[in-house]
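Please look over the model shown here. The questions that follow deal with a ligand site, a helix and a nonpolar core.

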Amino acid sequence: MMIATCTLKGSQGATTLALALGTYSPASRRVVVEADLSGGDLSLRFGLPPTPGLVSLAAASRRDSGSDVLLRHSHTLSDGMRIVLAPVEPARCRAAVVALVAAPASVLRAAANVPGTVVILDFGRVDPDPPTLALLRLADALLVVTHRDSRGLTRLAAVAEEVRQWSPRPGLVVTGGGYPADEITTVLGLPVFGSIPRRPSRKQLQRAVTALAQRLQNREGSVR
Ligand SMILES: Nc1ncnc2c1ncn2[C@@H]1O[C@H](COP(=O)(O)OP(=O)(O)OP(=O)(O)O)[C@@H](O)[C@H]1O
Ligand SMILES: [Mg+2]
């Protein structure tokens, strides 16, 4: 299974959600891939070298499309979650994403198709340009993280029609308090797959993301 996380202008939480999915998803193999064109920040956060990572993965994907290529270019963290780190420089990130998209077959899809595997792509603040959209479309589901208040939802309403075209299964993960999920779904035409409290404790995040992962796995629609 492949899941993409992103935000739009005015909201935050794409990386928090991607890492939480990588930590709490019930899959036996969990891989988080930084695909944020504004540059990666996990290598700094985890104190890891950015190689192997997105750049080496993109180079390898030109000649090898096996299901283990993604794993070979990942780091393994202590809890078993794997991460594929993007370079800090936006231009190098973009070049890697362009190369990944141009590869003869998708190494991301190949890995995600292995039973018991979840691949999570963190797009950060998404800029819907052709390479990003091509990569986004590979994912089985797109999670747009958005604040649940009128500011966050008003921004989203302006692009909701576009967002619905970005993925075969687009939906929202709402953060903080505000409008009820059924109202959001009715107005925006996007299901609310999950909700995360404002400044969640570790336990709250675990509970929210476990429920979200289950909902995606069972192909359920909007929460109530
Ligand atoms: N549910 C939440 N409630 C309150 N603060 C949050 C929540 N989720 C994330 N944050 C905070 O927002 C900040 C950015 O979070 P995160 O790195 O997940 O966002 P991002 O969308 O990946 O941002 P960027 O565009 O910088 O990559 C962090 O300080 C994080 O603690
Ligand atoms: Mg981020």
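**Ligand shell, helix and core**

Q: How many residues surround ligand 1, and which are the closest?
A: A residue counts as near if its C-beta atom, placed from the backbone, lies within 6 Å of the molecule. The shell around ligand 1 holds 14 residues. The closest are Gln 12, Gly 13, Ala 14, Thr 15 and Thr 16.

The model is predicted: local features need pLDDT of at least 70, side-chain atom pairs count only at pLDDT 80 or more, and totals for chains, interfaces and linings use all residues. Residues are numbered from 1 along each chain as its sequence is written, with chains lettered from A and ligands numbered from 1 in the order in which they are written.

Q: Which element gives the most to the shell around ligand 1?
A: Helices (H or I, at least four residues) and strands (E, at least two) are DSSP runs, numbered from the N terminus. At least two shell residues come from each of α1 (14-24) and β5 (117-125). The most, three residues, come from α1.

Q: Why are the buried residues of α5 on the same side?
A: Buried means 20 or more other C-beta atoms within 10 Å of the residue's own, exposed 12 or fewer, and partly exposed in between, with C-beta atoms placed from the backbone. In α5, Cys 93, Ala 96, Val 97 and Leu 100 are buried. They lie on the same side because their arc around the axis, taken from the directions from the helix axis to the C-beta atoms, is only 100 degrees.

Q: Which residues are exposed on the other side of α5?
A: The buried residues of α5 are covered by elements including α3 (54-60) and α7 (130-138). On the other side, the exposed residues are Ala 91 and Ala 102.

Key: Two residues are in contact if their C-beta atoms, placed from the backbone, lie within 7 Å.
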